[in-house]
Amino acid sequence: MQYNPSEWKLNHSKLLAVSGFIWLCIGAMLLKLGINFILFGWTAARFSEEGYSSFFPYLSQSLGSHENACILLVALGVLIGYVKGNMVMKKAAQRSYARISELPNPAPLFSIYSRANYIILAIMMGLGLTMKFLDVAYDVRGFVDTAVGIALIQGAVHFFRFSRDASIAKQKF
């Protein structure tokens, strides 16, 4: 007996939950990566500015220490990611919810995202690889990864809410 992945089918609430889980996992990975990049310069007892942008020493000096500069970068990344998650990623989750709701129930697993979503995913992965190969400064890359990670986590929360709502709606009928 062979398994054909194109034949795997899930109901709408499970498709939304799987999509949210994917966003959550990628968001958590990017958040961890981002914080690690921001803190990359820490060695045992001192901080090395090598690999950071020219803005980072200025920020450190203005705030009084490297620790304060790192905390500010993480906090700003979290704030911007939260705002982006509630504005942009919520709309993306709503569009996915609307699209999934129109699919037959149960629907194939690979219909979880539209073609446009897959293209956006490829572009985002390409941007991440571009930052790696262009050797973008640790503080800049860490800030971007932190913000995107938080935004994806916030988007996942919206997917989980839509999944719950779809499950409740299914129980009413």
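Mentor: A residue is called buried when its relative accessible area is under 20%, exposed when over 50%, and partly exposed in between (1.4 Å probe, protein chains only). The model is predicted, so local features need pLDDT of at least 70 and side-chain atom pairs 80 or more, while totals for chains, interfaces and linings use all residues. Residues are numbered from 1 along each chain as its sequence is written, and side-chain values use heavy atoms, without hydrogens and water.

Trainee: In what order do the elements of the chain run from the N terminus on?

Mentor: Helices (H or I, at least four residues) and strands (E, at least two) are DSSP runs, numbered from the N terminus. The chain has five helices and two strands. From the N terminus on, the order is β-α-α-α-β-α-α.

Trainee: What percentage of the residues in the chain do the buried residues make up?

Mentor: The chain has 173 residues. Of these, the share made up by buried residues is 36%.

Trainee: Which residues are buried in helix α2, and which are exposed on the other side?

Mentor: Helix α2 covers residues 55-63, and its buried residues are F56, L59 and S60. Seen down the axis of α2, these fall within an arc (taken from the directions from the helix axis to the C-beta atoms) of 100 degrees, so they line one face of the helix. The other side of α2 has the exposed residues Y58 and Q61.

Trainee: Which residue just after α2 takes a positive phi?

Mentor: The phi in question is about 95 degrees. The residue just after α2 that takes this value is G64.

Trainee: Where is D135, and is it buried or exposed?

Mentor: D135 has a positive phi of about 55 degrees, although this residue is not a glycine. Its place is the loop between α4 (115-133) and α5. With a relative accessibility of 64%, D135 counts as exposed.

Trainee: Which two residues does a cis peptide bond join?

Mentor: The omega of this bond is about 5 degrees. One partner, P106, sits in the loop between α3 and β2 (107-108). The cis bond joins N105 and P106.

Trainee: Which side chains meet in a salt bridge?

Mentor: A salt bridge is a side-chain nitrogen of Lys or Arg within 4 Å of a carboxyl oxygen of Asp or Glu. The structure holds one. At 3.9 Å from N to O, its partners are R141 and D145.

Trainee: How many residues apart are R141 and D145 in helix α5, and are they buried or exposed?

Mentor: Helix α5 spans residues 138-172, and R141 and D145 are four residues apart in it, which means a separation of about one helical turn. R141 is buried and D145 is also buried.

Trainee: How many aromatic pairs are there?

Mentor: Rings of Phe, Tyr and Trp (its six-membered ring) pair if their centres lie within 6.5 Å; planes under 30 degrees apart count as stacked, over 60 as edge-to-face and the rest as tilted. By this rule the number of aromatic pairs is seven.

Trainee: How do the planes of F40 and Y138 make the pair count, as tilted or as edge-to-face?

Mentor: The ring centres of F40 and Y138 are 4.2 Å apart. Their planes stand at 45 degrees, so the pair is tilted.

Trainee: How many residues apart in sequence are the parts that F40 and Y138 tie together?

Mentor: F40 is partly exposed, at a relative accessible area of 47%. This residue lies in the loop between α1 and α2, while Y138 lies in helix α5. The pair therefore ties together parts whose separation in sequence, in residues, is 98.

Trainee: What kind of pair do Y52 and Y138 make, and are the two residues buried or exposed?

Mentor: The ring centres of Y52 and Y138 are 5.6 Å apart and the planes stand at 75 degrees, so the pair is edge-to-face. Y52 is in the loop between α1 and α2 and Y138 in helix α5, so parts 86 residues apart in sequence are tied together. Y52 and Y138 are buried.

Trainee: Which residues form one aromatic cluster?

Mentor: Y138 pairs with F40 as a tilted pair and with Y52 as an edge-to-face pair. F56, a buried residue of helix α2, is in the cluster too. The aromatic cluster is formed by F37, F40, Y52, F56 and Y138.
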